[in-house]
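User: I am new to this structure and would like a close look at a single part, the place where the two chains meet. Please take me through that part carefully.

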Number of protein chains: 2
Amino acid sequence: MAEPRTLPESDRSRLRRKRERGSHDRDVIDAVLDEGLVCHMGFHVDGTTFVVPCAYARAGDVVYLHGAVANHMLGALSGGSAACLTVTLLDGIVLARSAKHHSVNFRSVMLFGTARPVTDADEKRAALAAVVEHIVPGRGADARPPNDEELRATKVLAFPIEEGSAKVRTGGPVEDPADLGLAVWAGEIPLRLVAGAPVADDGLSSAVAEPAYLRGGRFDPAPSGKVG
Amino acid sequence: MAEPRTLPESDRSRLRRKRERGSHDRDVIDAVLDEGLVCHMGFHVDGTTFVVPCAYARAGDVVYLHGAVANHMLGALSGGSAACLTVTLLDGIVLARSAKHHSVNFRSVMLFGTARPVTDADEKRAALAAVVEHIVPGRGADARPPNDEELRATKVLAFPIEEGSAKVRTGGPVEDPADLGLAVWAGEIPLRLVAGAPVADDGLSSAVAEPAYLRGGRFDPAPSGKVG
């Protein structure tokens, strides 16, 4: 069996409160990154902190981000701004008998680092294909790949998976013993991001069949496995 | 009819690219804040930017955040750190015939400001009730309210809704005309956060009935209305 891969603990990735919910295990971290659709990128430029949602894909030890060459966030990040990349998956609402112990079940990852601009054309193409394939597995082989002009107009960054941690909460409420007898309902409402039936573009030729990869997999109506 | 309420445009809340997707309209902003369950708070302390997911509730012109007195984020924010609060709702995946024009349908809000510590006991109680009520409408009147000791152990912050904007993307792919004839499926996969059946806590007395507010409303299986 392979050694468990873990990220080293740094001062800022140190688990603070509720340490038992935290992990530096790469398998836990990667599973969250691979399930999420959108990350929240935090960066600080000219005295202002920004938090911007964006699509991404993990490939090995990096997370790829992309956008237009003029994109504000990518400009700040490629200029060397230290940043924080957070992915959060919501799994449930936890209702306790007391207001205080209400909580949320979630899996999240927080990574710290400085993004590297991807300039090699082959890595750029692979990164963009990875983002499409991450969002809709199977799609990468189907959509028209970027041409040279599109490639030049697109900025790609690689954010390192080197420093950070995951945090996972599962299960029901944790209550004060004195409250257990209260006549107040307690438990969990599970939450899940689900896909509806695909809606074809108005202009789509009826000769183009709906591909199988639009259903099942990420879009399976069955609950996805949980980490933790 | 009331005047439309809008946030003033500041340099950092100015809409940059894809301006047509942006808005400073408070109705659009409030609808996103009221539908979201978790916000991502960005703040910058000792040279590091952090992005932390957390529960919240909007009440009038502020967003309330809360946590333990020792909470790292609340400590930084109540110390006067300028911060960014982002809420993102995912509505769909947009598949274009070309890889480049793949996109995500979403509604997001980004607010900039400095949080105010809430020290008045009445406002603190109201803020904590608002957070519970926001997450599960109807719950506020049911759960045991915080006692004095719990109130002292909880820090509450009010983040102003004064500077920021919303961004909304809806609809199908926007393609290069030359690609419209490609035999590649194009359209949207709608996404929605849905609730499963409530799971009662193991220790819950069978005399406690499942309250009606656990189903319907936020948890209605029908698609929620869309902004924009």
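Analyst: What follows describes the contact between the two chains, and then one residue and one strand of chain B.

This is a predicted model, in which local features need pLDDT of at least 70 and side-chain atom pairs count only at pLDDT 80 or more, while totals for chains, interfaces and linings use all residues. Residues are numbered from 1 along each chain as its sequence is written, chains are lettered from A and ligands numbered from 1 in the order in which they are written, and side-chain values use heavy atoms, with hydrogens and water left out.

The relation between the copies comes at the start: a rotation of 180° with 0.0 Å of shift along its axis brings chain A onto chain B with an RMSD of 0.0 Å, the superposition being a least-squares fit on the C-alpha atoms of residues with pLDDT of at least 70 in both. That is the relation of a two-fold axis. Both copies use the same surface, since 100% of the contact residues of chain A recur in chain B, where contact means heavy atoms within 4.5 Å. Within chain A, the residue that comes closest to the rotation axis is Leu193(A), whose C-alpha lies at 2.1 Å.

Each side of the contact can be counted: 79 residues come from chain A and 79 residues from chain B. Between them about 6,700 Å² is buried, and carbon and sulfur atoms give 67% of that area; buried area here is the accessible area (1.4 Å probe) that two parts lose on being put together, summed over both. Val51(A), Arg144(A) and Trp185(A) supply 11% of the area that chain A buries against chain B, more than any other three residues.

Charged and polar pairs also cross between the chains. There are six salt bridges between chain A and chain B, a salt bridge being a side-chain nitrogen of Lys or Arg within 4 Å of a carboxyl oxygen of Asp or Glu, and one of them joins the side chains of Asp176(A) and Arg144(B) at 3.9 Å, N to O. Across the interface, 29 residue pairs are in polar contact, both residues at pLDDT 80 or more; such a contact is a pair of N or O atoms within 3.5 Å, and within protein one must be able to donate a hydrogen and the other to accept it, with residues adjacent in sequence counting only if both atoms are side-chain atoms. On the side of chain A that touches chain B, the largest share, nine residues, comes from S11(A).

A single residue shows the contact in detail. Thr48(B) belongs to strand S3 (residues 48-55) of chain B; helices (H or I, at least four residues) and strands (E, at least two) are DSSP runs, numbered from the N terminus. Thr48(B) counts as buried because its relative accessibility is 9%, the limit for buried being under 20% relative accessible area (1.4 Å probe, protein chains only). Leaving aside residues up to four places away in sequence, Thr48(B) touches Arg12(A), Phe112(A) and Phe43(B), and a polar contact of 3.2 Å joins its side chain to that of Arg12(A).

Chain B also holds strand S9 (residues 154-160), in which seven of its seven residues are buried. Strand S5 (residues 62-68) of chain B runs antiparallel to S9(B) and is joined to it by seven bridges, with Lys155(B) as the bridge partner of Gly67(B).

Methods. Buried means under 20% relative accessible area, exposed over 50%, partly exposed in between (1.4 Å probe, protein chains only). Two strands pair if DSSP finds at least two bridges between them.
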